[in-house]
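Please open the structure in a viewer and keep the selection panel at hand. The tour proceeds by selections, with a short account of what each one shows.

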Amino acid sequence: RAPPRGMAHRLLGLEWKFGVTASSDELQAIGSSFVLVRLRVAPKESGAGEGERVVPMELTLPQFYSFLHELEKAKAELDNA
C-alpha cells in the first residue's frame, strides 16, 4: 500500500530486480523487460522501525529510467542543500 499523498516520508531502502516476461496470454508481452522495485519508507517524524512499510512497484524500462533520473535529481538537490 502506498503512503498517503502529501505526507513526508524517509526513504530507508530501495531494492530492484530486472525481469523478462517468459510467458503470457498476450503474444506481444513475451520477451518484454520490466523492473520490480521495492521501496522501504517510514513517516518522516517516526522513530526507528516505527510505521515502516514496503511499497512495491513494477515498472517498464522507460518508467524505471525516469524514476532513476528523478532520484538522481533529488540526491543532487540534497547534496547541494
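The stops below pass from the sheet to the helix, then to the core and the salt bridges. The model is a predicted one.

**The sheet**

Begin by selecting strands β1 (residues 9–20), β2 (residues 33–43) and β3 (53–60). These 3 strands make up an open sheet, ordered β1-β2-β3, with antiparallel pairing. Which strands stand at the edges? They are β1 and β3; each has a single partner strand, so one side of each is left without a neighbour in the sheet. From one strand to the next, the twist averages 20°.

Next, keep β2 and β3 in view. Their antiparallel pairing extends over 8 bridges. As a point of orientation, select arginine 38 together with proline 56: the arginine stands opposite this proline, which belongs to β3.

**The helix**

Now add helix α1, residues 61–80, to the selection. The helix lies across β1, β2 and β3, and its direction makes an angle of about 125° with β3.

**The nonpolar core**

Hide the earlier selections and display the side chains of Val35, Val37, Leu39, Val41, Val55, Leu59 and Phe64. Together these 7 residues constitute the largest nonpolar core. Both β2 and β3 supply at least two of its residues, and the largest share, 4 residues, comes from β2.

**Glutamate 15 and its surroundings**

Return to strand β1 and select glutamate 15, which is placed within this strand. Is the residue buried or exposed? Glutamate 15 counts as partly exposed, because its relative accessibility is 46% and the partly exposed class lies between under 20% (buried) and over 50% (exposed). Beyond its neighbours within four places in sequence, glutamate 15 is in contact with Leu36, Val37 and Arg38. A further selection, leucine 39, shows a C-alpha to C-alpha distance of 6.6 Å from glutamate 15, although the two are 24 residues apart in sequence.

**The salt bridges**

How many salt bridges does a search of the whole structure find? The search finds 4, and three stops follow.

For one of them, select arginine 38 and glutamate 15. They form a salt bridge in which the closest N and O atoms are 3.6 Å apart. Arginine 38 lies in strand β2 and glutamate 15 in strand β1, so this pair ties together parts separated by 23 residues in sequence. Arginine 38 is partly exposed, with a relative accessible area of 41%.

Another stop is glutamate 52 with arginine 40, a salt bridge whose closest N and O atoms are 2.7 Å apart. Glutamate 52 sits in the loop between β2 and β3, whereas arginine 40 is in strand β2; the pair links distant parts of the chain, 12 residues apart. Glutamate 52 has a relative accessible area of 37% and is therefore partly exposed. Arginine 40, at 30% relative accessibility, also counts as partly exposed.

Finally, move to helix α1 and select aspartate 79 and lysine 75. Their side chains meet in a salt bridge, with an N to O distance of 2.7 Å. Because they are 4 residues apart in helix α1, about one helical turn separates them. Aspartate 79 is exposed, its relative accessible area being 52%.

Conventions. Residues numbered from 1 in each chain as written. Predicted model: local features only at pLDDT ≥ 70, side-chain atom pairs only at ≥ 80, totals over all residues. Heavy atoms only, no water. Buried < 20%, exposed > 50% of the residue type's maximum accessible area, 1.4 Å probe, protein only. Contact = heavy atoms within 4.5 Å. Pairing = 2+ DSSP bridges. Axes fitted to C-alpha atoms, helices over the stretch in contact; angles between N-to-C directions. Core = buried A, V, L, I, M, F, W, Y, C linked by side-chain atoms within 4.5 Å.
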